[in-house]
Protein chains: 2
Amino acid sequence: MDSSSVIKKSKSDLAIEMGRTMTELRNLLRQSIQLKIKEHGINITFEMLEVLYHLWQKDGINQQEIADLTLKDKSSMTYMIDNMVKRDMVKRVEDGLDRRNKLIFLTETGIELRRQLHPWIAEVYDLATEDFELKNLEYGIDMFQKMILHLRKSNPSSD
Amino acid sequence: MDSSSVIKKSKSDLAIEMGRTMTELRNLLRQSIQLKIKEHGINITFEMLEVLYHLWQKDGINQQEIADLTLKDKSSMTYMIDNMVKRDMVKRVEDGLDRRNKLIFLTETGIELRRQLHPWIAEVYDLATEDFELKNLEYGIDMFQKMILHLRKSNPSSD
DNA sequence: GCTTGATAGTTTGATTTAAAACTATCAAGT
DNA sequence: ACTTGATAGTTTTAAATCAAACTATCAAGC
């Protein structure tokens, strides 16, 4: 275990390695899902799918809320929603109660897409976590959230 | 543990949640490091730093290898290296042994940057992993690599 | 009511990214 | 030598990204 033939890595080396592995996994997940979408000849990007995913769970939220959920800037969201409106997946509706808001609702097309796409997403994630226990995943999530807390503590500006 | 008052999440729900947390952490790491760079008035992006990081460990590799290490497309690397050459951090050298390759070497400036930047990177990662044991990190890396293996198995094209 | 600060969305500009089509080069088998 | 397939790099194009400056609206306190 501590044999001299094994190169010893420092904690920050390991942390950097974990960051890299994390990115590799995320790229691969995107790639796998995008491949599956393409195989079925659907004209939609991975990023749009991320937005749809949240709308399927809660329809009629505003752009800022979607931006928070997808961890993107609100200006990116203007661009994204524009694009999704063009492709008739969602529609913008003025909020009568607060006229600053534009509420985003799924169109029939957007609702219909769920039937096709949701199983594929689940399939990819299930494949990735094939031989995992629930508690493995919980452990991972917990570790990340701890790291996020540490970083936020020293950099409170970051929401 | 299995109380009816607790909402039960499926494995793929948890996997998706982990994906989100992962992205949040990555954004935050980038943000923290970029802030630190900016505080010290250095004109360099996080992405360039990632390239430098690998060159500091092994100088004189080709663009494709850097792309693999940083998990980016080779066309992104053309753009990136162009930019870094302009800022005199690296130089392109034709490989006499294989004329397809352009070997990337650090300039004096690029070497010098290590002294300043490396401690900051380590500092951010150390902060993030403050109260972690080495084995926590190893556990996380191991979990990611398993997931990557599963995905690659079913999608061998993805290098 | 009016001011002040916060919030939602947009626009603009610059950067980063990947996919696809392309050129050049190498390497292996015939 | 010659073909064939693989590999490295570039160019082009379309998406996606964020920061900063801007408009419109709300909400709280005076």
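Me: How many aromatic pairs does a search of the whole structure find over all chains?

Reply: The model is a predicted one, and the search finds two aromatic pairs over all chains.

Me: Why is the pair Phe144(A) and Phe144(B) called stacked, rather than edge-to-face or tilted?

Reply: A pair of aromatic rings is described by the distance of the centres and the angle of the planes. The ring centres of Phe144(A) and Phe144(B) are 5.5 Å apart, and a pair needs centres within 6.5 Å. Their planes stand at 10 degrees; planes under 30 degrees apart count as stacked. The pair is therefore stacked.

Me: What makes this a pair that joins two chains?

Reply: Phe144(A) lies in helix α6 (residues 134-154) of chain A and Phe144(B) in helix α6 (residues 134-154) of chain B, so the pair joins two chains. Both Phe144(A) and Phe144(B) are buried.

Me: Why is Gln63(A) called buried?

Reply: Its relative accessible area is 13%, and buried means under 20%. Gln63(A) therefore counts as buried. Gln63(A) belongs to helix α3 (residues 63-70) of chain A.

Me: What makes the link between the side chains of Gln63(A) and Arg92(A) a polar contact?

Reply: The link is 2.8 Å, and the cut-off for a pair of N or O atoms is 3.5 Å. Arg92(A) is also among the residues that Gln63(A) touches, including Met77(A), Thr78(A) and Ile104(A), with residues up to four places away in sequence not counted.

Me: Which part of DNA strand D do Lys72(A), Arg99(A) and Arg100(B) approach?

Reply: A polar side-chain atom of Lys72(A) is 2.9 Å from a phosphate oxygen of DNA strand D. For Arg99(A), a backbone N or O atom is 2.9 Å from a phosphate oxygen of the strand. Arg100(B) approaches a base oxygen, at 3.2 Å from an N or O atom in its side chain. Of the strand atoms within 4 Å of the protein, 65% belong to sugar or phosphate and the rest to bases.

Me: How do you know which helix supplies the largest share of the surface near DNA strand D?

Reply: α4(A) supplies five residues, the largest share. α4 (74-86) of chain A and both α3 (63-70) and α4 (74-86) of chain B each supply at least two.

Me: What is the make-up of that surface near DNA strand D?

Reply: Its residues divide into three nonpolar, ten polar and ten charged. Of the 23 residues around the strand, those that come nearest include Thr45(A), Asp73(A) and Lys102(B).

Key:
Residues are numbered from 1 along each chain as its sequence is written. Chains are lettered from A and ligands numbered from 1 in the order in which they are written. This is a predicted model: local features need pLDDT of at least 70, side-chain atom pairs count only at pLDDT 80 or more; totals for chains, interfaces and linings use all residues. Side-chain values use heavy atoms; hydrogens and water are left out. Helices (H or I, at least four residues) and strands (E, at least two) are DSSP runs, numbered from the N terminus. Buried means under 20% relative accessible area, exposed over 50%, partly exposed in between (1.4 Å probe, protein chains only). A polar contact is a pair of N or O atoms within 3.5 Å; within protein, one must be able to donate a hydrogen and the other to accept it, and residues adjacent in sequence count only if both atoms are side-chain atoms. Contact means heavy atoms within 4.5 Å. Rings of Phe, Tyr and Trp (its six-membered ring) pair if their centres lie within 6.5 Å; planes under 30 degrees apart count as stacked, over 60 as edge-to-face and the rest as tilted. A residue is near a molecule or strand if one of its heavy atoms lies within 4 Å of it. Ala, Val, Leu, Ile, Met, Phe, Trp, Tyr, Cys and Pro count as nonpolar, Asp, Glu, Lys and Arg as charged, and the others, Gly among them, as polar.
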